[in-house]
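Here is a short tour of one helix and the strands around it, written with the model open beside you. Have a look at the fold first, then read on.

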Amino acid sequence: MDHQGIPQAWDTLVVNARLATFAPGRAGDYGTADDADALAIAGGRIAWIGRVAERPARARVAATIDAGGQWVMPGLIDCHTHLVYAGSRAREFALRLKGASYEEISRAGGGIASTVRATREAGTAALFEQARPRLKALMREGVTTVEIKSGYGLDRDTELAMLRAARRLGETEAVTVRATFLGAHALPPEYAGRADAYIDHVCDEMLPAAAAAGLADAVDAFCENIGFDAGQVERVFKAATALGLPVKLHAEQLSNLGGSELAARFGALSADHLEHLDEAGARALAAAGTVAVLLPGAYYFLRDTHTPPIALLRQHGVPMAVATDCNPGTSPFASLLLMLNMACTLFRMTPAEALNGVTYAAARALGMADRVGSLEVGKQADLAFWPVADLAELCYSYGTHAPTRVLHAGIERGLEVE
């Protein structure tokens, strides 16, 4: 394997490992490295991969980790979450189970309006504290990179507070955080009946403020009958492009408004949900290299019956990622391992597809495939060690697996993640 650029000293050498690289072009379901059983780390990056018996004699090693024959794979990536928010919708969940309709709950001040209200009342510090346990839950399962969206403030100050909380999580925890501005998530009550005016506010004030403060790595929107139409989303995308920010899109979840084709036209990093994607949309995503992010938690929680067209995505070679969609209303889950099982059982993805969906494909969905998502020389040393005989076990059963070690940028973090 690649022996180029070997430094004079390595910080860590991992030996006796079964390497699942998830690197594109590698053979095997998981990009297994049958020609390697060791991996070296220097300066937080992977410096060398090969057989320990063939380790270059001139490389000095500060510390060695014996993997004991465990699988070592990239740290997991949750590429679609809304985990910064305030309040709870558990009471509404109970009301729905007693027969209350979504409309009845909304008229009583519930639904997304209740989350917006609670989030507006909370400051950055409170948003940080409420989101931290959700992030910790993901980290305990081997997640080393997570995307966090705004979208429950729906005004400039609260959207910025959400993004600041996301940034602070990335600064204080041993995890890489990507922050996405989602101002065009829903219509706030003060703009009722004035959607175009709200999009003006998003494009002219909210988004420029987020960009100027360096708080957004990407821009997202909700293209749906209960969200915003394609024309309104296009305005948001044009504003994002003018600011040099990549775009993503909630598309084709409840109906088909042509959101995927719009996303592809703007070279979107990803189009997410996609239960109602058609062949034209799939072709457009494939041509643009846009990742399809599948969110089985929302499908399950909403008791949807219209699955994303997995066969169509396979046919056209659209890369598929899997994420939690962690949010208070439609996917209150902070477990990427659970999503692996759901992706396989509900969507009939293969374990190889699902695991690629939380590693390399997820990295592509964040525009980070050059940095994380696979075990390759030069990439950030994010590693998870799994004591399983077959990696399919991570998808097959739930509640029985946890990584024995996790490294983020080459530094081992505690498994308890207190």
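The buried residues of helix H5 pack against three helices and two strands: H3 (112–121), H4 (124–140) and H6 (195–212), together with E8 (143–149) and E9 (176–184). Please keep in mind that this is a predicted model. H5 itself covers residues 156–172, and its 17 residues reach 24 Å from the first C-alpha to the last, close to the 24 Å expected at 1.5 Å a residue. Among its buried residues are Leu160, Met162, Leu163, Arg167 and Leu169. An α-helix has 3.6 residues a turn, so residues three or four places apart point the same way.

Strand E9, one of the packing partners of H5, is mostly covered, with eight of its nine residues buried. E9 also takes part in two of the parallel pairings in this table.

| Strands | Bridges | A facing pair |
|---|---|---|
| E8 and E9, parallel | five bridges | Thr145 and Thr176 |
| E9 and E10 (residues 218–221), parallel | three bridges | Ala184 and Ala221 |
| E11 (residues 248–251) and E12 (residues 270–273), parallel | four bridges | Leu249 and Ala271 |
| E12 and E13 (residues 291–294), parallel | three bridges | Ser270 and Val291 |

Which helices link these strands into β-α-β units? H6, which packs against buried residues of H5, forms a right-handed unit with E9 and E10. Further along, E11, helix H8 (residues 259–265) and E12 make a right-handed β-α-β unit. E12 then joins helix H9 (residues 279–288) and E13 in another unit, also right-handed.

Note on methods:
Residues are numbered from 1 along each chain as its sequence is written. This is a predicted model: local features need pLDDT of at least 70, side-chain atom pairs count only at pLDDT 80 or more; totals for chains, interfaces and linings use all residues. Side-chain values use heavy atoms; hydrogens and water are left out. The expected span of a helix is 1.5 Å times one less than its number of residues. Buried means under 20% relative accessible area, exposed over 50%, partly exposed in between (1.4 Å probe, protein chains only). Contact means heavy atoms within 4.5 Å. Two strands pair if DSSP finds at least two bridges between them. A crossover is right-handed if, with the strands pointing away from the viewer, the path from the first strand over the helix to the second runs clockwise.
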